[in-house]
Amino acid sequence: MALSDATPTSLTGIGVSPGLVAGPVARMAPGIIEPEIATLEPSKDLEEECDRVAAAAQRVKKNLELSAAQAKGEGRTLLETTAQMAADPTLTSSAQAMIRERRLVPERAVWEAAGTLAAMLKSLGGYMAERTRDVADVRDRIVAVLTDAPMPGIPVLPEPFVLVAEDLAPADTALLDPEKVVAFITSEGGPTSHTAILARALGMPAIVGTGSEVTDQLHDGDIVLVDGTKGQITVSPSEEALRRAKELASRVRVFRGDGATKDGREVQLLANVGDAAGARSAAAAGAMGVGLFRTEFCFLDQPEEPTIEAQIEAYKGVLEAFPGKKVVVRTLDAGADKPLPFLTDATEANPALGVRAYRTTRRDPEVLEHQLQALAKAEAVTDAKVWVMAPMISTKDEAKAFTDQARAHGLKIAGMMIEVPSAALMADKLFEHADFASIGTNDLTQYVMAADRLLSSLADLSTGWQPAVLRLIKTACDGAAVHGRPVGVCGEAAADPALAVVLVGLGVASLSMTARALPDVDAVLKSVTFEDCQRLAGLATSAGTAEEARNTVRAELPILEELAL
């Protein structure tokens, strides 16, 4: 790696995936150029041109599906979702209508149809607004096929590099090869975007939301040092800084399935999984069980509700990976950021506050009933210890109704997600019925701070370090303690080693995260006593801002600097 004589320059963004790594910059190629407004020659057959659009969309869909088959876990899900967008008849039929009615050339018709669809999705807000990036990605791919242009995507270079882009489409992020892309920097995005979540799953240092004023200063071939924890980019780093980064990267930490503080207080370190392959990988990484099995991934690519038999097979694959261990299963979390055509209403004005998750039982109770039947049957033929919980529980009545229904199917341990402030504030009453709870910090933060967690312009509010969020977590844990119930955390906060210490001090008994984060969280927890955790939790909850809370706690944990965390 060649070094320049330039003085090191420091730039900043939002660190969303920890790690310290250096490499040359490779900028993402600019997207497809907007086609000119042009009409077809009189000799052109309109139906043939319409058929070209349909064929191009099908080709893009097929290529994405082939890529999905080679991807794993969340990467596969993202690619499958983008493939569905390519096959969306709304986009194709709208483009064909423009060809027939205005005689637009196919590439321009696709461009304008995609613009209309993206504007409609953006107006819906929340997850639907986030899908506008998928629309743009599919649009570019279809136009590339129609015009024989190079397909947009990740640069292909012989040596590892740091990828710099305005943003990454989910389809691109899903195909990132950690052997080639050692880190990435984007001018857009936030800490809970799909891009950030997948970076953490890949264990790839990443910085997002830098703004174009930062990424415009990074040029192909520049040597940069990326600190994904601090959100810091050093251009032309010193030889000493590069040496330290290389030395840290050579250390391999492993988790041996024995999560605990320095003085021996057990902290269950669990994994978040979405399918059987993810469960097997988590088990191989030493996870003490599963703290969040996202069952909606069994439903997302289905035009209608999967059969009970199909669900049993999907659940068995996850349960079989953890014989004799706890597997916390979240029932279907549909709606808002995960709409399902057979269950949710995509036209809701504010889907994040609408009929989502457990609330879908108000009009479609049979979907949950079928899911509990399938889960009970899957548990009966495996050795895992199933704990089942419902998302978006808001009231004592909901907690009672769900836990009663789960137990009626023979599922012995039934609980709830705490994502709504009311559930945290009323925890002492809800735990009269719930056997346990898991706190989803992403949604809890969103609702406490009244900030859409997918909106990059509000990324500074969307952090679990917010003292208001931490105080609510403490309230929930105190309410659970009245009844001797355990509380876990399965949001992104659990994967932050410094924040994990605070959560344990607040009373959290288990932390569930991407499997790659297990060794880091374990190493930091083993460096502190439970009393230390409680003291640091007190500092965080008494802080005035999220930044103050984070900086104060990190200053008390020197091991973070030693481990480049």
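**Exercise 1. Follow strand S13 and its partners.**

Task: In this predicted model, which residue of S14 is the bridge partner of Met417, and how many of the residues of strand S13 are buried?

Solution. In S14, the residue that bridges to Met417 is Ser438. That bridge belongs to a pairing of S13 with strand S14 (residues 437–439), which is parallel and extends over 3 bridges. Turning to strand S12 (residues 385–390), one finds that 4 bridges join S12 to S13 and that these strands also run parallel, with Ala390 standing opposite Met416 in S13. Between S12 and S13 the chain passes through helix H14 (residues 396–408), and this β-α-β crossover is right-handed. For the second part of the task, the count is 5 of the 6 residues of strand S13 (residues 413–418), so the strand is largely enclosed by the rest of the structure.

**Exercise 2. Place Asp435 in its surroundings.**

Task: Where is Asp435 found, is Asp435 buried or exposed, and which side chain makes a polar contact with the side chain of Asp435?

Solution. Asp435 sits in the loop between helix H16 (427–430) and S14. The relative accessible area of Asp435 is 18%, and because the cut-off for a buried residue is under 20%, Asp435 counts as buried. Its side chain makes a polar contact, at 2.9 Å, with the side chain of Arg407. When neighbours within four places in sequence are left aside, the contacts of Asp435 include Ile413, Ala414 and Gly415, together with Lys412, Arg485 and Pro486.

**Exercise 3. Describe strand S16 from both faces.**

Task: Which residues cover the two faces of strand S16, and in which sense does S16 pair with strand S15, parallel or antiparallel?

Solution. In a regular strand, side chains alternate between the two faces of the sheet. For strand S16 (residues 510–513), Ser510 and Ser512 lie on one side and Leu511 and Met513 on the other, and all of these are buried, which leaves both faces covered. The pairing of S16 with strand S15 (residues 487–489) is parallel and comprises 2 bridges, and within S16 the bridge partner of Val489 is Leu511. The chain reaches S16 from S15 by way of helix H19 (residues 497–506), in a β-α-β crossover that is right-handed. Strand S9 (residues 268–273) is likewise joined to S16, by 4 bridges and in a parallel arrangement, and here Gln268 stands opposite Ser510.

**Exercise 4. Compare Gln268 with Leu511.**

Task: What is the relative accessibility of Gln268, and which residues touch the most other members of the largest nonpolar core?

Solution. Begin with Gln268, which is found in strand S9. Its relative accessibility is 24%, so Gln268 counts as partly exposed. The side chain of Gln268 makes a polar contact with that of Lys326 at 2.7 Å, and the contacts of Gln268 beyond its neighbours within four places in sequence are Met288, Lys326, Ala509, Ser510 and Leu511. Gly291 is 23 residues away from Gln268 in sequence, with a C-alpha to C-alpha distance of 9.0 Å.

Continue with the core. Among its 98 residues, those that touch the most other members are Leu269, Ile473 and Leu511, while H19 gives the most to this core, with 8 residues. Leu511 is in contact with residues including Leu269, Leu270, Val489, Ala500, Leu503 and Val504, again leaving aside neighbours within four places in sequence. Another core, of 53 residues, lies apart from the largest one, and among its members are Ala57, Val60, Val145 and Leu146.

**Exercise 5. Lay out the sheet that contains S1.**

Task: What is the order of the 8 strands in the open sheet, and why is one side of S1 and of S2 left without a neighbour?

Solution. The order is S1-S8-S7-S3-S4-S5-S6-S2, with mixed pairing. Strand S1 (9–12) and strand S2 (14–17) stand at the edges and have a single partner strand each, so one side of each lacks a neighbour in the sheet. From one strand to the next, the twist averages 30 degrees. S1 pairs with strand S8 (residues 232–235) in the antiparallel sense over 4 bridges, and Leu11 stands opposite Ile233 in S8. Helix H10 (residues 239–250) packs on the sheet, where it touches strand S3 (20–27) and strand S7 (223–227), and its direction makes about 110 degrees with that of S3. Helix H8 (residues 194–202) lies across S2, strand S5 (181–186) and strand S6 (206–208), and runs at about 50 degrees to S2.

Methods. Residues are numbered from 1 along each chain as its sequence is written. This is a predicted model: local features need pLDDT of at least 70, side-chain atom pairs count only at pLDDT 80 or more; totals for chains, interfaces and linings use all residues. Side-chain values use heavy atoms; hydrogens and water are left out. Two strands pair if DSSP finds at least two bridges between them. Axes are lines fitted to C-alpha atoms, for helices over the stretch in contact, and angles run from 0 to 180 degrees between N-to-C directions. Contact means heavy atoms within 4.5 Å. Buried means under 20% relative accessible area, exposed over 50%, partly exposed in between (1.4 Å probe, protein chains only). A crossover is right-handed if, with the strands pointing away from the viewer, the path from the first strand over the helix to the second runs clockwise. A polar contact is a pair of N or O atoms within 3.5 Å; within protein, one must be able to donate a hydrogen and the other to accept it, and residues adjacent in sequence count only if both atoms are side-chain atoms. A nonpolar core is a set of buried Ala, Val, Leu, Ile, Met, Phe, Trp, Tyr and Cys residues joined through side-chain atoms within 4.5 Å.
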